[in-house]
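Visitor: I should like to go through this structure element by element. May we begin at its surface and then proceed to its sheets?

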Amino acid sequence: MDISVEIKKLRPEAQLPTRGSQQAAGYDLHACLSSDLAIAPGATVLVGTGLAFALPQGYFGGVFARSGLSVKQGLRPANCVGVIDSDYRGECMVALHNDSAETRTVCHGDRIAQLVVLPYLPVNFCEVDALDATQRGQGGFGSTGR
């Protein structure tokens, strides 16, 4: 089932998202820059895509790291996973963080992150005095094994 997503180019040189293969879940987001952008070690910068989206109600855009970029260059979204809500109409920006020990350069057209369109469930939170008991209980980090 294909879902239609409206996209507006905010700048003529912006590139539409692309997929690396027919079965790829993520659509590559490209940097839309007027000049190269240097990212110092440990720094975070906002990188524009030049695109705005109208995602369908009941869906959001998850902005994930590109595995090659994070492994080879040490660049990843600063918030690990960005969220584009269906009612947001501004430019899709990616906060790129440089985890490497070297300055990295992002150029116009570079693939900087990947967008996955996902459904979500709206919920109603109901405050209660007690929760049902489970075998795990309050066991947290590392409590279920190594």
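Visitor: Which residues make the nonpolar surface patch of about 430 Å²?

Guide: In this predicted model, one member of the patch is V123, found in the segment after β11. The patch has an area of about 430 Å². The residues that make it are L121, V123 and F125.

Visitor: Is V123 buried or exposed?

Guide: The relative accessible area of V123 is 53%. Exposed residues are those over 50%, so V123, at 53%, is classed as exposed.

Visitor: What is the order of the strands in the open sheet of four strands?

Guide: Pairing in this sheet is antiparallel. Its edge strands, each of which pairs on one side only, are β2 (27-30) and β8 (82-84). Neighbouring strands are turned by 35° against each other on average, direction ignored. The order is β2-β11-β6-β8.

Visitor: Within that sheet, which residue in β11 is the bridge partner of V63?

Guide: Strand β6 covers residues 59-64 and strand β11 covers residues 111-119. These two strands pair in the antiparallel sense over six bridges. In β11, the partner of V63 is L115.

Visitor: Is S86 buried or exposed?

Guide: S86 lies in the loop between β8 and β9 (93-98). Leaving aside neighbours within four places in sequence, S86 is in contact with L55, P56, Q57, Y59 and Y120. Its relative accessible area is 14%. Because buried means under 20%, S86 is buried.

Visitor: Which residue in β5 is the bridge partner of I7?

Guide: Strand β1 (residues 6-9) and β5 pair in the antiparallel sense over four bridges. Strand β5 spans residues 51-54, with L51 and F53 pointing one way and A52 and A54 the other way. All four of these β5 residues are buried. The bridge partner of I7 is F53.

Visitor: How does the twist average from one strand to the next in the open sheet of three strands, and what is its value?

Guide: This sheet has the order β4-β9-β7, with antiparallel pairing. Its edge strands are β4 (44-48) and β7 (75-77), and each pairs on one side only. From one strand to the next, the twist averages 40°.

Visitor: Which residue in β9 does R76 stand opposite?

Guide: R76 belongs to the pairing of β7 with β9. These strands pair in the antiparallel sense over three bridges. Opposite R76 in β9 stands H97.

Key: Residues numbered from 1 in each chain as written. Predicted model: local features only at pLDDT ≥ 70, side-chain atom pairs only at ≥ 80, totals over all residues. Heavy atoms only, no water. Pairing = 2+ DSSP bridges. Axes fitted to C-alpha atoms, helices over the stretch in contact; angles between N-to-C directions. Buried < 20%, exposed > 50% of the residue type's maximum accessible area, 1.4 Å probe, protein only. Contact = heavy atoms within 4.5 Å. Patch = residues over 30% accessible without salt bridge, like charges linked within 9 Å, V, L, I, M, F, W, Y side chains within 5 Å. Areas by Shrake-Rupley, 256 points an atom, 1.4 Å probe, with all protein chains shown as cover. Salt bridge = Lys/Arg side-chain N within 4 Å of Asp/Glu carboxyl O.
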